[in-house]
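Here are some exercises to work through with the structure open beside you. Try each task before you read its solution.

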Amino acid sequence: MDYTPMDAPQWLTEQYLQQVLYRYHDTKTLNILKLSIHPALAKGENFGGNINKVNIHYQLNNSEEVVKQNFIIKTAYENDEFIVEKLKPYDIFNREISIYKEVLPKLKLLLKEINDDDEIFTNVIFSDYKRQILIFEDVSVKGYTMASRVERLGRGHVKLVLKKLAKLHAASAVLNEREHKSLEIYDRGFFNQYTDTYKTYFVSNLMACARFLSHSPKYAKYAEKLFALESKYMNIGLKCFNPCENHVNVLAHGDVWTNNLMFRYDSVTREPIDVLIIDFQYAFWGSATLDLHHFFNTSLKETLHLNQLDEHFRDYYNLFTETLLKLNYSSKSIPSLRTFCLEVEQKRFFGINIMVKNSVWRPSNWVTHAYVEKILKEYLKSPQIRLLQMDLKPATQNGENYASVMSRIYVEYVLSPDDKQPEERFLILKSSFENDHVVAEILKAYKTCEIEMVMYERILPKLLSLLGTTKLYARTLKVDYDHSAIIFEDLSANGGYILADRLKGLDEKHIFMILKKLAKFHAAAAVLNKSTEGSLEKFNYGMFNKHTDKNAPLFEHMFDVCAKYSGSCPQLGKYYQEKLKKLIPYIVEKGRDAYESKPHHFSTLCHGDLWVNNMLFLYNGEDKSPEDFVFIDFQLCRWTSPAIDLHYFFNTSLEPKLHLDPNALDRFVQFYHSNLEEMLRSLNYSDHIPNLREFVLQLEETRFAAVTASLGVQPVVTTEPAEGADLRCFIDDTEKDRKFRQNLYGKKRLQNNAIKLLPYFDARGLLDVPC
C-alpha cells in the first residue's frame, strides 16, 4: 500500500477500508489488490480537516473482474492540538456528517418533487461519527475541479453557484417547514451564542487592517472607525447571525468560497457548465444573505465584486423565490425584492468581516511565529526578542505584480521579557509564485527567484557601498534560499514610500529623478564588475536570453492583437497588419539580439524590468512632488547595454504625452548620459566611457527592445485592476483569453501608441524580417 502517514490518520488502514467496502457493496467477500492514499489538496487549500484521495482496486465475491474506484476521504484533525481545541466548540465534524447523512438526501428528494434532478453536492458513500470520517465519490474523475482561489471567479462561475445556492436554500426552508423546525438545531455558525473561539482571529484581522490604514493620512479616519469596533465586533457579528423571525430563514452553507466549490468545464470553450457545493462544516440556520455576502466578498473577480453585486443579488432572489413557490412554501410570505434587499443590508456587516479577514488569500504555511521571531532576532541582533503578535495580508492587487507573491507582515514584539512597551514593525515578504504551475514553470526557466536572491544578498550591498549615501533599495532582513523568499522592511508603512500611478504614467520630475539614480546604479555595477573580474557578466538571463523562450507566447499574442487592431484602424491598415503578422515568428530572435551584450558596447548590469511598479516613491507632504525613490524587484537583472533599461522604462512608464514626444525622449537620454558619465568618472572607471554620440548609437542598435516593450509589455502593465488580469490572460490561448487581449485595444492609450509608434518603428526597419 502506498501510504502517506503525515496526511492521513494511522487508523486509516487497508483493513478499515475493507470494512467500508463491505458495507458499500453489501458483501462479505472482497479482495483488495491495490491501495494508495495521497493528499488531495496542497497546503493552504483547506483549513477544516485532512483531505486525502484514495485509489483502490479490488475484486468482489471471488470474481476475476477488477473494480477500480477513486474516493475522497475527509477526516478530522488529530495531530495538531491547537487546531483541535479551536475547532472543538464549533463541532464541525459531527455537524457535517449529520448534514450529509440526515439533511442533504432529503433536500434532493424535495427538489425531485418539482422534477429538478440537478446535482447540488457530492455523494457520500460512508460516514463514521466515532472516527469523524466522511468518504465521498471522487468527482474529479467526472471532470470536476477547483477553480483558482487566487484568480477568483468570473460571471459564468457566479451564475452557476447562485443557481445551486438558491435551490439549496429554498429546499431547506421547505424541509424545515415540513419537519417542524428540524433544521434549527444547526445554530453554530462563525458567530454563535456558545463560543467566541474565533474572536482572536476575527479581531486581530480587524486590528491589523486598522493599523495599516492608520499609517496613511488618506485612510486614517477609517482606521479610527475600525479601532472603535474592536470591543463590539463579536456582538455585532452575533446579531448578524441570529435568525430573524420576519425573514425566510434557511440552512446556510456558512463557508461558500472558491475552494468549497467544484466546477466542470466545457472541453472546447473551457467555460464552466456545472458546479457542486462541498464542505458543510459551518452550515447553520439563518439568513441566506450571509452565504451571499461570504461568497461575494471572497470569491468574485474584482470587476464583478465592485460593479455588479446588485445584479447578482437580484439573480439569486429570482431563483430563490421561484423555487420556494414551486415547492409550495407557506410558513411566511415570499419576500418581495425590496424586502430581500433590506435583509441584504441588515446582514452587510458580515461582508465587512469577510473582507477584513480576506479569507481567499492565505500565507505560506512555513511563515510561522517562530520563523519570523528568529529573523527579527538575527536582524536586530537581539536574542531575547519575543514576538507577541503577527498578522499577514496580501500586499498587491491584480495587475500590480505578475511574477511573485507579495505579503505584508505586521509584527509586535518586545526586545526582552522585561520590556513593558511593545514595538511594532511592518515587513514585506516576497515569495515565489506557486499558485499556478504554468506561470511557476515560466518564471523558473528565467531563474527569477535565484537572480533576485543573489542580487539582494550579494550584489546590491556592494553597489550601495560604492555609492555611499544613495538609497537604492529596501533594506533586507532575510534572504531565504530554502523557501525562495526575501523579507524586506516595508517602506510603505515604515517610511511613507508608495507606488506611483501606473495607469497615469510618470511626469518629468519623476523621470529625471529616476534617470539620475539609474545612472548611478549602472555606473556602480560597471565598476564592481571591473573590480571583480567580470563577475556580473554571469547575469545572462533577463527578458530575452539564449537559455529559454518560455515568455514567447506573451509577446506573440500581444503583437497579434496589435496586428488585428492595425487592420481595423484607418490610419494604419493592412500594411501594418501584415508587417506585424510576418514579424511574430522572429520576435524572440530579434529580442535576443537586442538584449545580448556586444563587445563594442558599454555594458553594465541592467535592472531588466524597469517600469513604474518596480519603484517606490517618497512624496513631499505639501506639494506632493517626488523627493526620493528606491528600486524594487530585481528578478530580471541582466548584463547588457544600459540602453535596454531606457527602452523598457520609456515604453512602459511615462505619461503618454512624453512617451510619444521624441524631443522629450532626446532630453531624457542626454540627461541620463551626462549623469552616467559623471558617475563613472567619480568612481574612477578605467575602461572606455562612451560619449553621447556613441551612446545614441547603442540606443539605436538595441531599439527592438523598444518595440517589445511598447507592443508586448505596456499592454500588460497598464491593465486596470478591475479587469482581473493575471499572467495567464496573456500567455494562454483560450477563447476567453483571446477576447480579453483583444479588448485591450479598445483603450485610446494603446490605440494612440500603435498609430504613432508603428510608422516610427517601420521607418527604422525594426518591423522588417529576413528575406
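## Exercise 1: Two helices that cross

The axes of α4 and helix α10 (residues 309-326) come within 8 Å and cross at roughly 35 degrees. The model you are looking at is a predicted one.

**Task.** Find the handedness of the crossing of α4 and α10, then list the residues of α4 and α10 that make the contact.

**Solution.**

Step 1. Look at the two helices where they cross: the crossing of α4 and α10 is right-handed.

Step 2. Collect the residues on each side. From α4 come Arg155, Val158, Lys159, Leu162, Lys163, Leu165, Ala166, Lys167, His169, Ala170, Ala173 and Val174. From α10 come Glu311, His312, Asp315, Tyr316, Leu319, Phe320, Thr323 and Leu324.

Step 3. Sort them by class: the contact of α4 with α10 holds 11 nonpolar, 3 polar and 6 charged residues.

## Exercise 2: The sheet beside α4

**Task.** Work out the strand order of the open sheet of 3 strands with antiparallel pairing, and say which strands stand at its edges.

**Solution.**

Step 1. Trace the pairing: the order is β6-β8-β9, and the pairing is antiparallel.

Step 2. Check the ends. β6 (144-145) and β9 (272-277) each have a single partner strand, so one side of each lacks a neighbour in the sheet.

Step 3. Look at one pair in detail. β6 is joined by 2 bridges to strand β8 (residues 261-265), antiparallel to it, and Tyr144 stands opposite Arg264 in β8.

Step 4. Bring the helix back in. Helix α4 (residues 155-178) packs on this sheet and touches β8 and β9, its direction making about 40 degrees with that of β9.

## Exercise 3: A sheet of five strands

**Task.** Give the strand order of the open sheet of 5 strands, and find what helix α1 lies across.

**Solution.**

Step 1. The order reads β1-β2-β3-β5-β4, with antiparallel pairing.

Step 2. At the edges stand β1 (30-39) and β4 (124-128); each has a single partner strand, so one side of each is left without a neighbour in the sheet.

Step 3. From one strand to the next, the twist averages 25 degrees.

Step 4. For the pair at the β4 end, count the bridges: 4 of them join β4 to strand β5 (residues 133-137), and the two run antiparallel. Ser127 has Leu134 in β5 as its bridge partner.

Step 5. Now add the helices. Helix α3 (residues 92-112) packs on the sheet, touching β3, β4 and β5, and makes about 40 degrees with the direction of β5. Helix α1 (residues 14-25) lies across β1, β2 (50-60), β3 (67-75), β4 and β5, running at about 115 degrees to β1.

## Exercise 4: From β11 to Asp490

**Task.** Follow the strand pairings from β11 to β12, on to β13 and then to β15, and decide whether Asp490 is buried or exposed.

**Solution.**

Step 1. Strand β11 (residues 386-394) is joined to β12 by 8 bridges in an antiparallel run, with Leu392 opposite Ile409 in β12.

Step 2. β12 also pairs with β13, antiparallel, over 9 bridges; here Tyr413 faces Glu423 in β13. Strand β12 (residues 405-414) has 8 of its 10 residues buried, so the rest of the structure largely encloses it.

Step 3. Strand β13 (residues 423-431) pairs with β15 in the antiparallel sense over 5 bridges, and Ile428 has Phe488 as its bridge partner in β15.

Step 4. Strand β15 (residues 485-489) has 5 of its 5 residues buried. Strand β14 (residues 476-480) pairs with β15 too, antiparallel and over 4 bridges, with Val479 opposite Ile486. The hairpin of β14 and β15 has 4 residues between the strands, and in it Ser484 takes a positive phi near 50 degrees.

Step 5. Asp490 lies in the loop between β15 and α16 (491-495). Its relative accessibility is 1%, and the cut-off for buried is under 20%, so Asp490 counts as buried.

Step 6. Setting aside neighbours within four places in sequence, Asp490 is in contact with Arg408, Phe426, Leu427, Ile428 and Gly495.

Key: Residues numbered from 1 in each chain as written. Predicted model: local features only at pLDDT ≥ 70, side-chain atom pairs only at ≥ 80, totals over all residues. Heavy atoms only, no water. Pairing = 2+ DSSP bridges. Contact = heavy atoms within 4.5 Å. Axes fitted to C-alpha atoms, helices over the stretch in contact; angles between N-to-C directions. Left-handed = near helix turned anticlockwise from the far one by under 90°. Nonpolar A, V, L, I, M, F, W, Y, C, P; charged D, E, K, R; others polar. Buried < 20%, exposed > 50% of the residue type's maximum accessible area, 1.4 Å probe, protein only.
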